[in-house]
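I opened this notebook to record what I looked up, entry by entry. The entries follow the order in which I took up each topic.

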Amino acid sequence: MAIDKNARYLESHEYAKPSGEHMIFGISDHAQAELGDVVFVELPAVGKTLSKGAMFGTIESVKAASDLYAPVSGTVVEVNEAVKNDPSLVNKDCYGAGWLIKVAPINASEFSGLLDPAAYGKAIGEE
Amino acid sequence: MPFVPNTDAERAEMLRAVGASSVEELFSDIPEHLHIKGLDLPDGISEIEALNEVDSLAERNVQTKKMDWFLGAGAYYDYIPAAVPALAGRGEFLTAYTPYQPEVSQGTLQAIFEYQSMAAKLLGMSVVNASHYDGATALAEAVLMAWKARDGRNRILLPRELHPEYAQVIETYCTSFDIEFVRYGGAPENAPIDDKTAAIVIAYPNFSGEIYPVKKAADRAHEAGALCIVQADPLMCALMKSPGEQGADIVTAEGQSLGNPLNFGGPYLGIMGTTDALVRRMPGRIVGETKDKNGKRGFVLTLSTREQHIRREKAVSNICSNQGLSMLQTCIYLATLGKQGLREIARQSYDKAHYAAELIGGIPGYSVRSSQFFREFLVETPRAAAQIVRALGQRGIVPGFALSRYYPDRRNELLICVTEMNTRTQIERLAAALREASR
Amino acid sequence: MNTMNMRDEPLVYELSRVGRTGCSLPKSDVPEYQVPGDLVREELDLPELDELTVVRHFTRLSQKNFSIDTEFYPLGSCTMKYNPKVNEVAASNPGWKNLHPLVGDEYAQGALELIWRLQEGLREVGGFAAASLQPAAGAHGEFSGVLMIRAALRERGDRARKKMLIPDSAHGTNPASCTMAGFVTQTVPSGQDGNIDMAALRAALDETVAGIMITNPNTLGLFERNIEEICRLVHEAGGYVYGDGANMNALTGVFRPGSSGVDVMHFNLHKTFSTPHGGGGPGAGMVAANETLASYLPGPIAVRHKSGYTLEMPPKSIGRMKAFYGNFGVLVRAYSYLLMTGANGLRRVAENAVLNANYLKSLVEGVYPVPYKRNCMHEFVAKGTVAAGVHTLDIAKRLIDYGFHPPTIYFPLIVQEALMIEPTETESKDTLDLYADALKRIAGEAASQPELLHDAPHGAPVGRLDEVMAARCPILCYRG
Ligand SMILES: Cc1ncc(COP(=O)(O)O)c(C=O)c1O
């Protein structure tokens, strides 16, 4: 399973990845594979403030649904409309075109507290 | 017993295969002292005897068919074409279950899809689910759905003239949540919709038979950020504007009158429809069209992540078994009557009810209180309506529903229902009997 | 190979021709009245079909179904037993069909007496003090029962008890019902033997516990051996015990849940009491309670007086769960079944349901691993792990080619690749032998010709359907 080196992770498989002054949230390759074909994503409205660990949406396959948790605190500045219209992007390119939301982080130090790629790899049983 | 095929010899052979010396041994996980000696019930009887027993109970009830019947109030005496029970009663429909294996359930699945399509078009909604337990539970679930969809708002506006049993079911369903119910009277567009209002419920028509157009109230609700729920008479929608075309976000209805017998209150059909925007918050099974691997059209249960078997405590509702067969009856009913037939039934109900209202309104002491109505109207009576019901009952006429049964202080109000089953002669007999009863 | 109707069947809208109708109506004998202009409906998009087209259409659709009347249908947890035909005759009496729910107690004494007799009979089968027939299905009974627990706690002044314990093998309706009653759920794990892990249960029992929902036998088909201890512990902790009676078919006339400490329970009459499942429903979900909770039952319930029967609300009732009095037509069928089985018959039902399940288990467990090595009750759970690369879904679909309805699959969630098989007492040894043979042959095919399974079913009206497409771009209504 691919693990993006520039991202940091939650054990619940969401990642945060710096993008300029913002952070991009998505789910890991491992998570999309576990879930199977993604059929629907529900994402928050732009402007909503999320605190670290808060639920910011849901992602669904035919037979499963997972809540999404914010890896860091921040205000939503952009939502990936493309993925709402074509949820298969999450399966095809979860670290790229299949990103979910972009936030303006509130507390920069939270990012370093997340699992780094190596630690996340361990958490999902990959070295 | 004819329903247990295995003979003693076969049972012995099966026990040997299992490696048990007796059937009792198979129950050895049950603590000894909890094994019962027997039930305090009679032993089983034959098919003939059982049928006689059930029939003798059935024959002690008063039947619509044997009276001049003008009682509705949420359950309607309408004609059911012979084809409906004949087809719905086929064992392949009757003895299947929820279509979990779509390849061998295309019959049920396609029928649900057809029902969804016809019911959606009738109500003017973009999607209808594959049923709730009845109209009352559908409405209660709609209230919960709207309340959850409008996070932070906890007020629900209910019409004062809502079927009292529906209001009671809503109360039971919502008892655990912080929902404030505000009752409003009269036209829904004058209801106190505000920024705490999650939804307004409109009864179309209301319990007294009065019809208020939905459009203005729906617009006002939307301006205030609230949702508009309409509890509709589905037959009325064949003649009058659908709730959907007037802006309803959720529509619920009791589908009994569309092909399901009265059956002393059930099984009936809870109909719920909504908009594309809210479909993922709607409870209940939903069937969708798709293709098989060879490109052939087929149908499957879909959007299941809303439901309890996947979402468990986060499901939008706990409903599992529904009213599948009642839904199938309605599906076949709608297909049989079709556009012309359904219109004609709605038309005749409307005309006959208005004819009856005209006659009764002309009797001294009686006045018709409903101004716009479909097939049911409220009459003020010169003496207690319950007494009139009793008096006419002796003469083979059930003149309607005495409101005092639900509201002890509304003694002189009679709700009269006229359907396509009533003839002009019956209506005239009713009017004559009411005239006599006023003296 | 089964013989299903393989022809494509158009939708009712596609069969429609302008001007047709499938039913004749009498000519109106009253004047026409004007519908107010602002209310008139212009368009009504319903199909137009003649009667024979309707009859053929729905007959052909019916032939695209598997059903109990046509195939063995061992859907675990659903009790797909034979639905006696006489029940249909009994329920179609015009004295029921043409009986209006608001006609008044005095005109419906036969119906009220039937309700009362069935309440009494079911109460006796479960070992409870009183029963209500209001709930329309099992989940509706659960919702009623947990609301009763909520009401009793509130009456005690115990508003802080919000936690309902749910075993990890529980059906999804259990946690969903708790949410609807405002409870939060906590999962209790199962132990090595498939029963509730007692240490975990003890640890979960604190002062916030409202109760536990227990299915017995549980969804693994195993009797909760510690049922009395569980009830005692929960009661000591101040909670109540809800019993999910979906699996009562294993126990009728053998064991009464009320005697083991369960406070409130539902039965699924569409399962245990043989009423047809109707392609999804209607069911009936009688809820019964012991002395402690009986006064909270949903109402109205039938009460017998010297002068006759009446419908009344129990004194502290949680209220109405639906309009009128439950799925009455289903109750007539259940009562007819209760009459025909009686005390002796109900025991035979349970004995044969359990024997059939154990027999079938003994035939297949050498090939399909059964994770819990115990006698089962009316059903058992095996694993579809017979060959690499083959999944339970493939086995299920291949069973269709052999003319059998697949068992429940991927449930309970705690067994991976689960096949949950419930044969019921109405199946003969011959049928069970054939089913076991089919399962074994499929296991052989899984090793030698896995593509046969992957492509299955081969003999059904449609092949495997694209559920991803259905969910991504939902088509939920005819768009002609
Ligand atoms: C164990 C169990 N509990 C509860 C239910 C829910 O019952 P119903 O479908 O009648 O609502 C079911 C069946 O579907 C079940 O198998």
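**Entry 1: B:N129.** I began with the accessibility of B:N129, in a model that is predicted. The relative accessibility of B:N129 is 0%, and B:N129 therefore counts as buried, the cut-off for that class being under 20%. I then looked up where B:N129 sits in chain B: the residue belongs to the loop that runs between β2 (127-128) and α7 (135-149).

**Entry 2: partners of B:N129.** Which side chain forms a polar contact of 2.9 Å with that of B:N129? I found that the partner is B:H132. A polar atom of the B:N129 side chain also lies 2.9 Å from the backbone oxygen of B:P283. Setting aside neighbours within four places in sequence, I listed the residues in contact with B:N129: B:Y115, B:M272, B:M282, B:P283, B:G284, B:R285 and B:I286. B:P283 thus appears both in this list and as the backbone partner noted above.

**Entry 3: the ligand site.** I turned next to the ligand and asked which chains surround it. Residues of chains B and C do, so the site is shared between chains. The shell holds 15 residues, and those that come nearest are B:S321, C:S77, C:A139, C:D244 and C:K271. Sorted by class, the shell has five nonpolar, seven polar and three charged residues.

**Entry 4: polar atoms at the ligand.** I noted three distances here. A nitrogen atom of the ligand is 2.6 Å from an N or O atom in the C:D244 side chain; C:D244 is also one of the residues that come nearest. An oxygen atom of the ligand is 2.7 Å from a polar backbone atom of C:G138. For C:H270, a polar side-chain atom lies 2.8 Å from an oxygen atom of the ligand. Taken alone, the ligand exposes 380 Å², and the protein buries 99% of that. In chain C, α6 (138-155) and α10 (269-272) are the elements that give two or more residues to the shell. The largest share, three residues, comes from α6(C).

**Entry 5: chains B and C.** Having found the site shared between these chains, I looked up their interface. In chain C, 210 residues are in contact with 180 residues of chain B. The area buried between the two chains is about 17,000 Å², and carbon and sulfur atoms give 61% of it. On the chain C side, C:Y33, C:R41 and C:L476 lose the most area to chain B, together 5% of what that side buries.

Methods. Residues numbered from 1 in each chain as written. Chains lettered and ligands numbered in written order. Predicted model: local features only at pLDDT ≥ 70, side-chain atom pairs only at ≥ 80, totals over all residues. Heavy atoms only, no water. Near = heavy atom within 4 Å. Polar contact = N/O pair within 3.5 Å; in protein donor to acceptor, adjacent residues only side chain to side chain. Areas by Shrake-Rupley, 256 points an atom, 1.4 Å probe, with all protein chains shown as cover. Helix = DSSP H or I, 4+ residues; strand = E, 2+ residues; numbered from the N terminus. Nonpolar A, V, L, I, M, F, W, Y, C, P; charged D, E, K, R; others polar. Buried < 20%, exposed > 50% of the residue type's maximum accessible area, 1.4 Å probe, protein only. Contact = heavy atoms within 4.5 Å. Buried area = accessible area lost by both parts, 1.4 Å probe.
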